[in-house]
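Reader: Could you pick one stretch of this model, take a close look at it, and then carry on into the rest from there? Keep it relaxed, but give me the specifics.

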Amino acid sequence: MPFPLAARFSGLLAAALSLAVITPARSADDYQLGPDSHPQEGVPKGEVKGPFVWKSTIFPDTERQYWIYVPAQYDAAKPAALMIFQDGGGMVNPKGQYRVPTVFDNLIHRKEMPVTIGLFINPGEVPAATPDGKPRRNRSFEYDSLGDQYSRFLLEEIIPAVRKDYAITDDREGWAICGNSSGGICAWTVAWERPDKFSKVLSHIGSFVNIRGGHNYPALIRKTEKKPIRVLLQDGSGDLDNLHGNWPLANQQMAAALKFMGYDYEFIYGDGGHNGKHGGSILPDSLRWLWRGYPVN
């Protein structure tokens, strides 16, 4: 099933773009949320629980908030799918750029995605050492680093805690992960390290640049046996260009490597900047594409 917007922004088109298009003088970046991102009459609303606080041992001394979305259709006798979101506070915000719980409500109601538990996790912070001090953010270390530390945090710490209260499938095809910017490369890293657990990745304006080595992924993808990962990348021609690299070029390199290796992927390329406007506007279609073929109850 092709992505609904593939006729406008396909991986093939993105690969053919010139540098002049990558860095235009101006971009519209005028994406708007569609009806699937707004509450609809007659659609049961899931419940967002939290924020809760998690103190990690894999990321020592850090604390973070997280939220759990439970769909109205959840039945403990039928294990649900699982989707994890980095920078969870923004993703779960009912007035934010993504409004994930509302999109989930609408798509689950219409059986366009499975009944899915949403786990929304903020990056960790090391609390301030003094009453008038500020906490130390751990976001870049957790999200931009290559390796298995963040996947271990999910699989050994926070997911088992959530599973104590909610029935979640053991089927890897029922586990997905999503992120924005550094959270986008983090989502890919989790699946790359543990494709036995995570089968689906959604990356918006992913930071596949040299912050902590992420620019190596296109070469790694080309020289590593293909892994069973379905991935959708979104980026825009107005994205960042700084000392770490060029985000549009980096995402095009990722798309080209995925194409070369025969991955199940889509690259949706627009004219947006380093924000969630485009990713939020296409989130319903992105989720339909990501979950296509998965059984719905």
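Author: First, a word on terms: a strand here is a DSSP run of E of at least two residues, a helix is a run of H or I of at least four, and both are numbered from the N terminus. Bear in mind as well that this is a predicted model.

With that in hand, let's zoom in on strand β1. P51 lies in this strand, and the peptide bond leading into it from G50 is cis, with omega near 10 degrees. β1 covers residues 47–55 and pairs with β2 in the antiparallel sense, over seven bridges. One of the matches to look up on screen is F52, whose bridge partner in β2 is Y66.

What sits in the loop between β1 and β2? D61 is there, and its backbone is worth a click: phi is positive, about 75 degrees, although the residue is not a glycine. D61 is also exposed, at a relative accessible area of 60%.

Carry on into β2, residues 63–70, and you are in a mostly covered strand, with six of its eight residues buried. Besides its pairing with β1, β2 pairs with β4 (residues 116–121), again antiparallel, this time over four bridges. W67 stands opposite F120 in β4. That puts β2 in two antiparallel pairings, one with β1 and one with β4.

D61 has a counterpart in R99, another residue other than glycine with a positive phi, here near 55 degrees. R99 is found in the loop between α3 (88–92) and α4. Is this one buried or exposed? R99 has a relative accessible area of 19%, and it counts as buried because the cut-off is under 20%.

Now for the pockets. The largest has a volume of about 230 Å³. It is lined by 16 residues, and those closest to its centre are K45, P94, P101, T102 and D105. Helix α4, residues 100–109, gives the largest share of that lining, with four residues. By class, the lining has eight nonpolar residues, five polar and three charged.

The second largest pocket comes in at about 150 Å³. Its lining is D87, G90, M91, G96, Q97, Y98, R139 and N180. Sorted by class, those are two nonpolar, four polar and two charged residues.

On to the cysteines. The disulfide count is zero. C178 is in none, and the nearest cysteine sulfur, which belongs to C186, is 11 Å away. A disulfide would need the two sulfur atoms within 2.5 Å, so this pair does not qualify. Both residues are tucked away from the surface: C178 is buried at 0% relative accessible area, and C186 is buried at 1%.

Further along the chain, have a look at Q253 in helix α9, residues 247–260. Q253 is partly exposed, with 44% relative accessible area. Its C-alpha is separated by 6.0 Å from that of P218, although the two are 35 residues apart along the chain.

Next comes N275, placed in the loop between β12 (264–270) and α10 (277–281). Its side chain makes a polar contact with the side chain of D29, at 2.9 Å. N275 has 19% relative accessibility and counts as buried.

The last stop is helix α11, residues 283–291. This helix is mostly covered, with eight of its nine residues buried. The buried ones are L283, P284, S286, L287, R288, W289, L290 and W291. After α11 comes G293, which has a positive phi near 85 degrees.

If you go back to where we began, the things to put side by side are the cis bond from G50 to P51, the positive phi of D61 and the two bridge matches, F52 with Y66 and W67 with F120.

Technical notes: Residues numbered from 1 in each chain as written. Predicted model: local features only at pLDDT ≥ 70, side-chain atom pairs only at ≥ 80, totals over all residues. Heavy atoms only, no water. 1 Å grid on protein atoms, 1.4 Å probe; cavity = no way out; pocket = protein on both sides within 12 Å on 5 of 7 lines; lining within 4 Å. Points joined across faces, edges and corners; volume = space filled by probe spheres on them. Nonpolar A, V, L, I, M, F, W, Y, C, P; charged D, E, K, R; others polar. Buried < 20%, exposed > 50% of the residue type's maximum accessible area, 1.4 Å probe, protein only. Pairing = 2+ DSSP bridges. Polar contact = N/O pair within 3.5 Å; in protein donor to acceptor, adjacent residues only side chain to side chain.
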